[in-house]
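Here are some notes on the model you sent, set out as numbered points. They concern backbone details, a helix pair and the aromatic side chains.

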Amino acid sequence: MLPDGKQIKPEEYSGKDKEFQCLLDKEVFKKPAENIGVSPPHLKIMRELELVGVEELSDRGHLRFYPKGALILDLLIDYLLDKMLEENAYPVKSSIMYRLSAEPIKQHAKLFGERMYKLKVQRKEYILRYAACFGQFSILKDALISYRCLPLKIFEIADSYRLEQSGEVSGLFRQRRFHMGDLHVLCRDLASAKKEFLRLYIKAHKIAQEFGWKYVAMFNLCKSFFDQNRNFIERLAKASNRPVLLNLGIPEGKYYWVINIDLNFIDNLKRPVESVGMQIDLGNAKRFNIKFVDENGRKHYPVIIHAALMGSLERWINNLLENAAKQQKLGKLPLLPLWLSPIQVRVLPIAERHIQNAIEIANKLEMCRIRVDVDDREISLQKKIRNARKEWIPLYIVVGDQEVATGILSVSIRRPKGYINKKMSLVEIAKLIRKECAGKPFRKSYVQKMLSMRPVFAK
């Protein structure tokens, strides 16, 4: 479906949207993946930047985050939590393990059982959670919910487990253990759910654009829902602002949802990366016995929206690194958003006599809520600069006799088109960083300030 609501067959598409064509090639034409055996760029980047590694002592698809990667993950969690609090969502924490004999869990396992981790504890069989649905629905079934509370939103960063096929597990692209920002919205009826769904769908696109990419969408739904809600589907397509792929072959009543949308990022190997999932659910309220009370005291089953507006946060980091690699292919410098950069400023003393001044500069920047380190190692200035650039440090400051004497610092700022060299005061540097990071979460640095005292985590 085109943004104007016109439907065409996939083989009739002749548009210039190469990313949408990648989605068609995979989902419709089943073309074999290009560059088979070629590693996606993010695998190299995540090691070079000391962000993430594969946990060899665990199952396949389980990762370990080094301090810099852990900081990025935590900042993304903070960012998403802020977005959910804007929605007046209720954050919760629930269990990761559920009894398989419980009827609603058993029913869910019939649909996705082959992709669930199962374990036995004292002769009882359990599963590790697939997402936050089980725990959140268990909380909601015990809640007293008035129609005045609707739409009621409940949110959790869910430590989730999916037994993906071994051949599909790859770095940050696909894991068996990941963190999912899971939002569920209870709505009074389908009409109100569609309104809320469209608004959240638009918000998901805006979040992606804020990070520098756009999605291609695939809508999965049965033919009857499409026919009865054509205007709603057209509004979703229009909001996408590019073609969307309609899969109308979903069997009637097979799943608990009536529409499921996947928003895909296209990586450097031209693979669609499912990054956001959204559903309208008509089945789980009854399955879990979740009810609300209307104006007349009567109880009803709500319609439930499932919305992971940033999907798996590991996969979100995949998209960040892959998007940076795309920029590099275009001749631009790869970089992370300043607020997400593990180190925002590096201070480079030219000689040993400048180290104490460099430390004082770093301490003052830290007081301005800036992550900063000092390259105090006994290496040349040229090598310190090369290392700062290799690590994608957004700003580095050179400190020599002139800088110590005048207080005016030599600053190099990393931008997509190259480095900008400026003479700036500490106040000006802090003001620049605060402006670029305005409205974003902040955490202190997770690594030792002095590079000479820092271990190398990713060999």
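**Notes on a predicted model**

1. At 86% relative accessibility, R123 counts as exposed, because the cut-off for that class is over 50%. This residue is found in the loop between β5 (118-121) and β6 (124-128), and its phi is near 70°, a positive value in a residue other than glycine. Please keep in mind, here and in every point below, that the model is predicted.

2. Another positive phi in a residue other than glycine belongs to K270, where the angle is near 65°. K270 has its place in the loop between β11 (257-266) and β12 (272-281), and with 46% relative accessibility it counts as partly exposed.

3. K270 also appears among the contacts of E34, which, once neighbours within four places in sequence are left aside, is in contact with L269 and K270. E34 itself lies in the loop between α1 (18-27) and α2 (41-48), and its relative accessibility of 45% makes it count as partly exposed. As for a residue further along the chain, E34 and F457 are 423 residues apart in sequence, and their C-alpha atoms are 33 Å apart in space.

4. Which peptide bond should be checked for its cis geometry? The bond that joins L150 and P151 is cis, with omega about 0°, and P151 lies in the loop between α5 (133-141) and β7 (152-161).

5. Two packed helices are described by the angle between their axes and the distance between the axes. For helix α3 (residues 67-86) and helix α6 (residues 190-211), the axes come within 13 Å and cross at roughly 145°, and the crossing is right-handed. On the α3 side the contact is made by L76, Y79, K83 and E86, and on the α6 side by K203, I207, E210 and F211. By class, the residues of this contact divide into four nonpolar, four charged and no polar.

6. Two residues of that helix contact, Y79 and F211, return in an aromatic cluster, which Y79 and F211 form together with W213, F265, W316 and W339. The ring of F265 has a further partner, in that the charged end of K326 sits over it, 4.4 Å from the ring centre.

7. How many aromatic pairs does a search of the whole structure find? The search finds 16. Among them are F197 and F232, whose ring centres are 6.0 Å apart and whose planes stand at 65°, so the pair is edge-to-face. The pair links distant parts of the chain, with F197 in helix α6 and F232 in helix α8 (residues 230-240), 35 residues apart. Are these two residues buried or exposed? Both F197 and F232 are buried.

8. Y396 and Y419 also form an aromatic pair, and this one is tilted, with 5.9 Å from centre to centre and 55° between the planes. Because Y396 lies in strand β18 (residues 395-399) and Y419 in strand β20 (residues 418-424), the pair ties together parts that are 23 residues apart in sequence. Y396 and Y419 are both buried. The ring of Y419 is also met by a charged side chain, as R389 lies over its face at 4.0 Å from the ring centre.

Definitions and conventions:
Residues numbered from 1 in each chain as written. Predicted model: local features only at pLDDT ≥ 70, side-chain atom pairs only at ≥ 80, totals over all residues. Heavy atoms only, no water. Axes fitted to C-alpha atoms, helices over the stretch in contact; angles between N-to-C directions. Helix = DSSP H or I, 4+ residues; strand = E, 2+ residues; numbered from the N terminus. Left-handed = near helix turned anticlockwise from the far one by under 90°. Contact = heavy atoms within 4.5 Å. Nonpolar A, V, L, I, M, F, W, Y, C, P; charged D, E, K, R; others polar. Buried < 20%, exposed > 50% of the residue type's maximum accessible area, 1.4 Å probe, protein only. Phe/Tyr/Trp six-rings, centres within 6.5 Å; stacked < 30°, edge-to-face > 60°. Lys NZ or Arg CZ within 6 Å of the ring centre and 35° of its normal.
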